[in-house]
Protein chains: 2
Amino acid sequence: MNGRFPIALHIMTLLCSAEGGVLSSEYMAGSINVNAVLVRKELSNLIKHKLVSSQAGKNGGYTLARSAAQITLAQIYETVKPEAVLGQAKNQPNPACPIGKQINQHISDLYIDIDRALMQKLGDTDLKAFVAKFD
Amino acid sequence: MNGRFPIALHIMTLLCSAEGGVLSSEYMAGSINVNAVLVRKELSNLIKHKLVSSQAGKNGGYTLARSAAQITLAQIYETVKPEAVLGQAKNQPNPACPIGKQINQHISDLYIDIDRALMQKLGDTDLKAFVAKFD
DNA sequence: TTATTTGTAATAATTTTTATTACAGTACAA
DNA sequence: TTGTACTGTAATAAAAATTATTACAAATAA
């Protein structure tokens with residue numbers, strides 16, 4: 001399991017708490033304590049999903065693309081969401097086995113269901129509310 | 001992300017569909033198409049959680065430890081559940097940063113919440129109902 | 001007593017994740 | 001117009017996690 005969601009959430013939290021001021025990827029990498037290129041990659045992805053804006057050049061950096069009240073944790077999770085919520089084996093189940101032949105379809109159906117519940121839960125909290133919990 | 005949950009679910013599905021008959025780890029490995037030692041390890045874990053019983057020796061193998069109607073998908077997930085539902089970065093956020101200092105606690109709180117919702121959802125389906133979907 | 005099976009350890013191979021280096025492009029400001 | 005401080009991204013290396021393989025002791029049925 002990778003750390004993309006916590007990192008994306010950490011980034012978004014920093015940007016929210018900066019209250020409109022720009023932050024550099026180096027600064028954020030320092031807070032997260034992770035390589036700055038990884039932060040820039042994640043930022044790049046967040047920009048693609050229109051949650052973050054950037055400005056190149058001197059005094060450039062990153063800001064939220066819209067107000068924190070309009071960004072839910074579900075939207076943040078969406079940017080890093082894996083194919084399979086509860087994990088994916090890299091095996092190809094035996095198609096000659098009556099169970100093996102069908103299991104992937106049923107797991108996939110289950111995952112759609114789980115994902116819906118998860119997104120609903122994450123949709124309950126917006127970034128502003130999440131950050132309001134910090135002292 | 002690893003494939004433990006799908007593998008555990010595949011195992012449980014096979015045992016359920018065997019209707020009380022014993023299955024060997026080799027047979028299950030053939031259906032899942034994964035190494036038999038990995039299957040035995042997962043079975044070992046399922047036994048520890050009292051969902052599966054085993055019998056060593058010739059004609060030995062594995063069976064469900066109780067009726068499939070009394071086993072929920074939540075109980076199966078419980079046996080393989082990772083520390084952090086939505087992933088864990090291996091970094092140690094900067095304690096000198098006001099956000100970094102607190103983020104892990106807030107992520108942890110969020111995860112407890114998410115986990116509760118997830119377990120509730122998975123608790124809705126028992127193994128019998130899951131397997132009933134197979135043709 | 002032989003064959004088959006679980007249980008587990010040790011190790012190797014593979015894959016995924018993260019870090020590092022490098023550099024082109026942008027923009028500000030002196 | 002030149003230097004400086006950024007973003008954006010590619011290429012590669014290092015580290016960590018996952019899965020496969022080999023080996024073998026212990027159990028038990030026939």
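**Legends: two protein chains and DNA strands C and D**

Helix 3 of chain A, with four residues, gives the most to the surface near DNA strand D. Helices (H or I, at least four residues) and strands (E, at least two) are DSSP runs numbered from the N terminus. The model is predicted, so local features need pLDDT of at least 70 and side-chain atom pairs count only at pLDDT 80 or more, while totals for chains, interfaces and linings use all residues. Residues are numbered from 1 along each chain as its sequence is written, chains are lettered from A and ligands numbered from 1 in the order in which they are written, and side-chain values use heavy atoms, with hydrogens and water left out.

**View 1. Surface near DNA strand D.** Around DNA strand D there are 28 residues, of which A:Ser25, A:Ser44, A:Ser54, A:Tyr62 and B:Asn35 come nearest; a residue is near a strand if one of its heavy atoms lies within 4 Å of it. Of the atoms of DNA strand D that come within 4 Å of the protein, 66% belong to sugar and phosphate. The surface residues divide into ten nonpolar, 13 polar and five charged. Here Ala, Val, Leu, Ile, Met, Phe, Trp, Tyr, Cys and Pro count as nonpolar, Asp, Glu, Lys and Arg as charged, and the others, Gly among them, as polar.

**View 2. Polar contacts to the phosphates of DNA strand D.** A polar contact is a pair of N or O atoms within 3.5 Å. A polar side-chain atom of A:Ser54 lies 2.6 Å from a phosphate oxygen of DNA strand D, and one of A:Ser44 lies 2.9 Å from a phosphate oxygen of this strand. From chain B, a backbone N or O atom of B:Gly3 is 3.4 Å from a phosphate oxygen. Two or more residues of the surface come from each of helix 3, strand 1 (52-55) and strand 2 (61-64) of chain A, and from helix 3 of chain B.

**View 3. Surface near DNA strand C.** DNA strand C is surrounded by 29 residues, the closest being A:Asn35, A:Gly57, B:Ser25, B:Ser54 and B:Tyr62. Sugar and phosphate make up 66% of the atoms of DNA strand C that come within 4 Å of the protein. The residues of this surface are ten nonpolar, 14 polar and five charged. Helix 3 of chain B gives the most, with four residues.

**View 4. Polar contacts to DNA strand C.** Side-chain N or O atoms lie 2.9 Å from a phosphate oxygen in the case of B:Tyr62 and 3.0 Å from a phosphate oxygen in the case of B:Ser25. A base oxygen of DNA strand C is 3.3 Å from a backbone N or O atom of B:Gly57.

**View 5. Relation of chains A and B.** A turn of 180° with a shift of 0.0 Å along the axis lays chain A on chain B with an RMSD of 0.0 Å (least squares on the C-alpha atoms of residues with pLDDT of at least 70 in both). The two copies are thus related as by a two-fold rotation axis. In chain A, the C-alpha of A:Met1 comes closest to this axis, at 1.9 Å.

**View 6. Helix 5 of chain A.** Helix 5 of chain A bends by about 30° at A:Asn104, the bend being the angle between axes fitted to the seven residues ending there and the seven starting there.

Conventions
Polar contact = N/O pair within 3.5 Å; in protein donor to acceptor, adjacent residues only side chain to side chain.
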